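Trainee: Could you take me through this one, fold to detail?
Mentor: Gladly. Have a look at it, then ask away.

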Amino acid sequence: MQIQLNGEPHAVDSATTAADLVETLGLTGRRIAVEINEQIVPRSQLAETRLCDGDQVEIVHAIGGG
């Protein structure tokens with residue numbers, strides 16, 4: 001199935017969760033925020049949030065600074 005990942009087409013399996021996507025992208029353990037269809041998904045819900053065909057997914061890295 002196709003999703004939009006940060007504005008670009010991205011193919012994923014039909015059973016993919018948000019946590020699976022984060023892991024596939026090598027972002028596990030990093031300070032990131034995941035938004036699906038303009039809704040922030042709490043880290044605690046990533047494993048139970050299944051992606052659907054056509055979902056708009058944005059993943060951003062938190063960057064600290066001073």
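**Fold, core and a buried acid**

Mentor: This predicted model has one helix and five strands in the chain.

Trainee: In what order do the elements run from the N terminus on?
Mentor: Five strands and one helix have to be placed. Read from the N terminus, the order is β-β-α-β-β-β.

Trainee: What radius of gyration does the chain have, against a compact globule?
Mentor: The C-alpha atoms fill a box of roughly 40 × 25 × 20 Å along the principal axes. For 66 residues, a compact globule would come near 11 Å. The chain agrees with that, at 12 Å.

Trainee: Which elements give two or more residues to the largest nonpolar core?
Mentor: That core has 15 residues. Leu21, Val22, Val34, Ile36, Val57 and Ile59 touch the most other members. The elements asked for are β1 (2–5), α1 (18–24), β3 (32–36) and β5 (56–61).

Trainee: Where is aspartate 55, which isoleucine 36 touches?
Mentor: Isoleucine 36 also touches Ala18, Val41, Thr49 and Leu51, among others. Aspartate 55 itself sits in the loop between β4 (39–41) and β5.

Trainee: How far from aspartate 55 is the nearest side chain of opposite charge?
Mentor: Aspartate 55 is buried, with no salt bridge. A salt bridge needs the charged atoms within 4 Å. The nearest candidate, arginine 50, is away by 9.8 Å.

Trainee: Which side chain makes a polar contact with the side chain of aspartate 55?
Mentor: A backbone partner comes into play too: the nitrogen of cysteine 52 lies 2.8 Å from a polar atom of the aspartate 55 side chain. The side-chain partner, at 2.9 Å, is asparagine 37.

Note on methods
Residues numbered from 1 in each chain as written. Predicted model: local features only at pLDDT ≥ 70, side-chain atom pairs only at ≥ 80, totals over all residues. Heavy atoms only, no water. Core = buried A, V, L, I, M, F, W, Y, C linked by side-chain atoms within 4.5 Å. Buried < 20%, exposed > 50% of the residue type's maximum accessible area, 1.4 Å probe, protein only. Helix = DSSP H or I, 4+ residues; strand = E, 2+ residues; numbered from the N terminus. Contact = heavy atoms within 4.5 Å. Lys, Arg positive; Asp, Glu negative; His and termini not counted. Polar contact = N/O pair within 3.5 Å; in protein donor to acceptor, adjacent residues only side chain to side chain. Rg over C-alpha atoms; globule rule 2.2 N^0.38 Å. Lists of a residue's contacts leave out its neighbours within four places in sequence.
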